[in-house]
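Colleague: I've just opened this one and could use a guided tour. Can we go through it with a few questions?

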Amino acid sequence: MTGAPEATASGSFRAAFSSVKTFRTEVLAGLVVALALIPEAIAFSIIAGVDPRIGLFASFTMAVSISFLGGRPAMISAATGAIALVIAPVAREYGIDYLVATVILGGIIQVVLGVLGVAKIMRFIPRSVMVGFVNALAILIFLSQVPHLVGVPWIVYPLVAAGIVIMVLLPRWTKVVPAPLVAIVLLTVAVVVAAINVPTVGDEGTLPESLPSLFFPNVPLNLETLQIIAPYALALALVGILESLLTAKLVDDVTDTHSNKTREAWGQGTANVITGFFGGMGGCAMIGQTMINVKASGARTRLSTFLAGVFLLILVVGLGDVVAIMPMAALVAVMIMVSVGTFDWHSIQLSTLRRMPKSETTVMVATVVVTVATHNLAYGVIVGVLVAMVLFAQRVAHFTSVKRLDASDADDQRVYAVEGELFFASSNDLVYQFDYAGDPKNIVIDMTKAHIWDASTVASLDAVTTKYEAKGKTVTIIGMNDDSAARHERLAGNLGAGH
């Protein structure tokens, strides 16, 4: 068997204990991710219009659950901005009970989609869309830090710069401890010792003081409730699965391993159901924190994901006072480095742009623009795929031709040779390629070098035949391959006048 190695075995919990170095890497990576998750979860809770505890508990339950259920080791799932945007109207208009019910139903839909094989849609996402997805995400990660750099004391800027310098230079000397963790610790110590007054994690929102508990939403189990939550639950399911599968594919590329996308799809759904029953706001894969875990910290196993959730709970509940004094400048520096490392700089180099077909660049730019404009990765990917489909159809349509073969043994016969792939985009003009008035009585259409892909093509051939018959001429179609012949035989003459 060839190809990239399977991630499941190498990324299992057992693999994390294969050596002291691996175990240390996984533990420290989980700690760094947990620190980065705290302000993000609080911020996403604010977007959703719920108490910060809802986002923090969701991040804990999602990370712990997906470490066992997910198909992509080392990938981080937690409360996300995309999910927060989807469910915000439910929280605002109907309250927390309906929000939780939406999360649970969304998780159930994800499980069903996973079992039905929704992961197979990944094959239809072009590379240019993936590049646009990655670049847009890097931009969004950076833009999400801008509010923490506006209207703040001037000392914040040197602190952010110092954090960046630490993360750039430290790996050149040692990689024993993740550079982001060192930056966070050193900047926190500097701020506390020097009594510098800067925004801290505690300023972002109140940290919980108790453990999460089971929560059963108090909503009527009737059709009216379903009508309220179903549209939001479906949107949550689709957005969550799309972001999770794209993130999994990105981590596959970074680690040069293959992961089980089907398991990831239903695993995300199950994690959301669990999160809902603990009163969480739901979530999906987080590419920013995943990149911290995989690229910045070097984690590769499920242990890092599990510990990210455990450390998060310990930090916010048991060490909330310590976490609260951490300067936001340190976490901003970490996220800026993540955005720089995530962006595909090669994709915008002049040499790459000159070499790349304009259609590919257009797809990438469309994905980036829509994603950044809407702050929704799912919208950007959907638009990118649609643009890619349209441009591909236009390009393939030009590969079709109709040639008139004048050399014929019979004076009353004209032969046309059709070449290329015939589908809705390429066959629409087929009807205009024949000389209905000037051609002799017998017409032969040779399809030896063509292939019929859809009903639009059959309808076009029917139209050609009808136009010739109206002038008292006979059309014979020859040379079809088996698949084209079967499709033509099944549909010809049965498409109605609307074709």
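Colleague: Let's start with aspartate 256: buried, partly exposed or exposed?
Modeller: Keep in mind that this is a predicted model. Aspartate 256 is found in the loop between α10 and α11 (261-277). Its relative accessible area is 53%, and the cut-off for that top class is over 50%, so the label is exposed.

Colleague: And what is phi of aspartate 256 near?
Modeller: Aspartate 256 is a residue other than glycine, yet its phi is positive. The value is near 60 degrees.

Colleague: Which loop holds alanine 195, and how accessible is that residue?
Modeller: Alanine 195 also has a positive phi in a residue other than glycine, near 55 degrees. Its place is the loop between α9 (179-193) and α10 (223-255). Alanine 195 counts as exposed, since its relative accessibility is 65%.

Colleague: On to the inside. Which residues touch the most other members of the largest nonpolar core?
Modeller: That core has 110 residues. There's also a second, separate core of 19 residues, with Tyr416, Ile445, Met447 and Ile452 among them. Back in the largest core, the residues touching the most other members are Ile38, Leu99, Ile125 and Met281.

Colleague: How many aromatic pairs are there, and which kind do phenylalanine 13 and phenylalanine 306 form?
Modeller: The structure holds twelve aromatic pairs. For phenylalanine 13 and phenylalanine 306, the centres are 6.1 Å apart and the planes are 80 degrees from each other. Planes over 60 degrees apart get this label, so the pair is edge-to-face.

Colleague: How many residues apart are those two phenylalanines along the chain?
Modeller: Phenylalanine 13 is in helix α2 (residues 13-16), while phenylalanine 306 is in helix α13 (residues 302-318). The pair therefore links distant parts of the chain, with phenylalanine 13 and phenylalanine 306 separated by 293 residues.

Colleague: What about tyrosine 94 and tyrosine 98: which of the two is buried?
Modeller: They form a tilted aromatic pair, 5.6 Å centre to centre with 40 degrees between the planes. Tyrosine 94 counts as partly exposed because its relative accessibility is 36%. The cut-off for buried is under 20%, and at 17% the buried one is tyrosine 98.

Colleague: Which residue has its charged end over the ring of tyrosine 436?
Modeller: Tyrosine 436 belongs to a cluster in which ring pairs link Tyr416, Phe434, Tyr436 and Tyr468. The charged end in question sits 5.9 Å from the centre of the tyrosine 436 ring, and the residue is lysine 467.

Colleague: Which way do the strands around β5 run, and what handedness does the β-α-β unit have?
Modeller: Strand β4 (residues 413-422) pairs with strand β5 (residues 442-452) in the parallel sense over nine bridges, and glycine 420 stands opposite alanine 450 in β5. β5 also pairs with strand β6 (residues 474-478) in the parallel sense, over five bridges. Here isoleucine 445 stands opposite isoleucine 477 in β6. β5, helix α20 (residues 455-470) and β6 make a β-α-β unit that is right-handed.

Colleague: Last stop, histidine 488. What is it in contact with, leaving aside its neighbours within four places in sequence?
Modeller: Histidine 488 lies in helix α21 (residues 482-491). This histidine is buried, as its relative accessible area is 16%. With those neighbours left aside, the contacts of histidine 488 are Ile452, Val458, Leu461, Ile477 and Met480.

Note on methods: Residues are numbered from 1 along each chain as its sequence is written. This is a predicted model: local features need pLDDT of at least 70, side-chain atom pairs count only at pLDDT 80 or more; totals for chains, interfaces and linings use all residues. Side-chain values use heavy atoms; hydrogens and water are left out. A nonpolar core is a set of buried Ala, Val, Leu, Ile, Met, Phe, Trp, Tyr and Cys residues joined through side-chain atoms within 4.5 Å. Buried means under 20% relative accessible area, exposed over 50%, partly exposed in between (1.4 Å probe, protein chains only). Rings of Phe, Tyr and Trp (its six-membered ring) pair if their centres lie within 6.5 Å; planes under 30 degrees apart count as stacked, over 60 as edge-to-face and the rest as tilted. Helices (H or I, at least four residues) and strands (E, at least two) are DSSP runs, numbered from the N terminus. A charge sits over a ring if NZ of Lys or CZ of Arg is within 6 Å of the ring centre and within 35 degrees of the ring normal. Two strands pair if DSSP finds at least two bridges between them. A crossover is right-handed if, with the strands pointing away from the viewer, the path from the first strand over the helix to the second runs clockwise. Contact means heavy atoms within 4.5 Å.
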